[in-house]
Amino acid sequence: MRVSMTKAVRALVVCLALLPGLGWAAQREFNMTIDEVTIEVAPGFVNKVFAFNGQVPGPLIHVKQGDEVTVHVTNNTTLPHTMHWHGVNQIGSWHNDGVPGITQDAIQPGESFTYKFTVDRPGSLWYHCHVNVWEHVATRGMWGPLIIDPKNPSDLEKKVTKDAILMMNTWESAYANTYGKGGAPQDVSDYFSVNAKSFPYTQPIRVKKGDVLRLRFFGAGDEFHEMHMHGHDMLITHKDGYPLAHPYYVDTISVGPGERYDAIVEMKNPGLFIMHDHVDKHMTNNGAMLGGPVTVFEYEGIKFDPFYAWKDKVYDPNFFYSESLAQGYGLFNNPTFQGKPIEQARRRR
């Protein structure tokens with residue numbers, strides 16, 4: 001009887017854990033570094049950055065609402081940093097908010113810090129440095145996506161067949177090679193990117209008719225981006241991770257600094273359709289057309305014409321973290337975004 005009861009209890013535990021909203025929180029532990037590397041944002045334009053795990057954007061962290069998250073961060077750079085978990089309310093864990101002089105001392109060069117918190121609300125969240133944000137975030141690439149799945153997704157979210165993360169940012173070529181400068185009010189942005197690349201170094205999003213695509217927009221820099229999609233309407237369903245009581249259709253969405261918008265698009269108009277920033281200067285690379293945060297939605301079965309700019313493009317299906325998001329929960333590095341390490345001897349000059 002005792003053995004049978006034990007088996008019954010174990011079976012009940014397994015069943016309860018599998019029920020939506022009733023499972024126990026998972027404990028997820030990650031290791032991250034902050035490194036000094038260079039990245040090539042656009043043809044001929046190389047920028048020194050502070051990079052999480054050596055890449056910009058930083059690695060995708062994909063977890064579920066209610067999970068307990070521990071992140072061990074080691075600072076391999078020559079300047080102090082922190083990690084702020086933008087959108088996590090840090091209920092009962094305010095020392096983990098990542099604000100220097102308020103919740104912690106900044107992580108000094110060569111030192112480590114451990115963040116531990118519960119992801120209390122779902123949505124398209126992100127993380128970034130909170131030291132000298134006008135430089136480190138605005139022009140040095142210190143940001144990455146934090147996607148928290150809801151315990152109880154809506155019927156509309158359940159229909160999504162493909163996800164894409166788009167993190168918009170700007171760069172200042174005048175300070176590309178000088179750590180400690182840039183991002184001030186008088187400084188001028190002259191390169192504009194999505195996921196740290198400017199056209200033609202960006203990538204298309206390949207879909208098939210019938211796909212339900214979720215676009216997750218992030219304002220990772222300090223300028224507004226007016227993202228316009230041709231050939232389709234976008235249903236805006238979430239703002240800053242929160243579901244909207246009344247979703248609304250647009251063809252252009254204004255994404256400001258720190259903001260996030262989720263848009264769901266029914267892919268039902270086969271062809272090749274561009275998405276671009278409707279701030280016209282953002283469509284240049286240092287004033288030269290065509291550049292900026294451009295992508296093209298390429299439908300399956302559409303033949304590329306000889307004049308198509310990306311007819312010979314080597315396709316990267318994970319440029320928008322689409323493949324990583326489909327792999328479940330964890331921390332996902334992306335080799336596409338890896339920079340080139342800066343040599344220690346040169347770094348100290």
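**A hairpin, an open sheet and a pocket**

In this predicted model, D35 stands opposite A51 in strand 2. That pairing belongs to a longer ladder, as strand 1 (residues 27-42) runs antiparallel to strand 2 and is joined to it by eight bridges. The two strands form a hairpin with two residues between them. One feature of the turn is worth a look on screen: G44 has a positive phi of about 85 degrees. Strand 2, which spans residues 45-52, is mostly covered, with six of its eight residues buried.

Further along the chain comes a second piece of strand architecture. An open sheet is built from six strands in the order 10-9-12-17-14-15, and its pairing is mixed. Strand 10 (191-194) and strand 15 (242-250) each have a single partner strand, so they stand at the edges, and one side of each is left without a neighbour in the sheet. On average, neighbouring strands of this sheet are turned by 25 degrees against each other, direction ignored. At the strand 15 edge, the partner is strand 14 (residues 234-239), and the two pair in the antiparallel sense over five bridges. Here K239 stands opposite Y242 in strand 15.

Readers with an eye for open space may turn next to the largest pocket, which holds about 610 Å³. Its lining comprises 34 residues, and those nearest the centre are D149, E157, D163, R214 and R216. Sorted by class, the lining of this pocket has 13 nonpolar, 11 polar and 10 charged residues.

Note on methods:
Residues are numbered from 1 along each chain as its sequence is written. This is a predicted model: local features need pLDDT of at least 70, side-chain atom pairs count only at pLDDT 80 or more; totals for chains, interfaces and linings use all residues. Side-chain values use heavy atoms; hydrogens and water are left out. On a 1 Å grid over the protein atoms alone, a cavity is a set of points where a 1.4 Å probe fits but cannot get out, and a pocket is an open set with protein on both sides within 12 Å along at least five of seven lines; lining residues have an atom within 4 Å of a point. Grid points are joined across faces, edges and corners, and a volume is the space filled by probe spheres set on the points. Ala, Val, Leu, Ile, Met, Phe, Trp, Tyr, Cys and Pro count as nonpolar, Asp, Glu, Lys and Arg as charged, and the others, Gly among them, as polar. Two strands pair if DSSP finds at least two bridges between them. Helices (H or I, at least four residues) and strands (E, at least two) are DSSP runs, numbered from the N terminus. Axes are lines fitted to C-alpha atoms, for helices over the stretch in contact, and angles run from 0 to 180 degrees between N-to-C directions. Buried means under 20% relative accessible area, exposed over 50%, partly exposed in between (1.4 Å probe, protein chains only).
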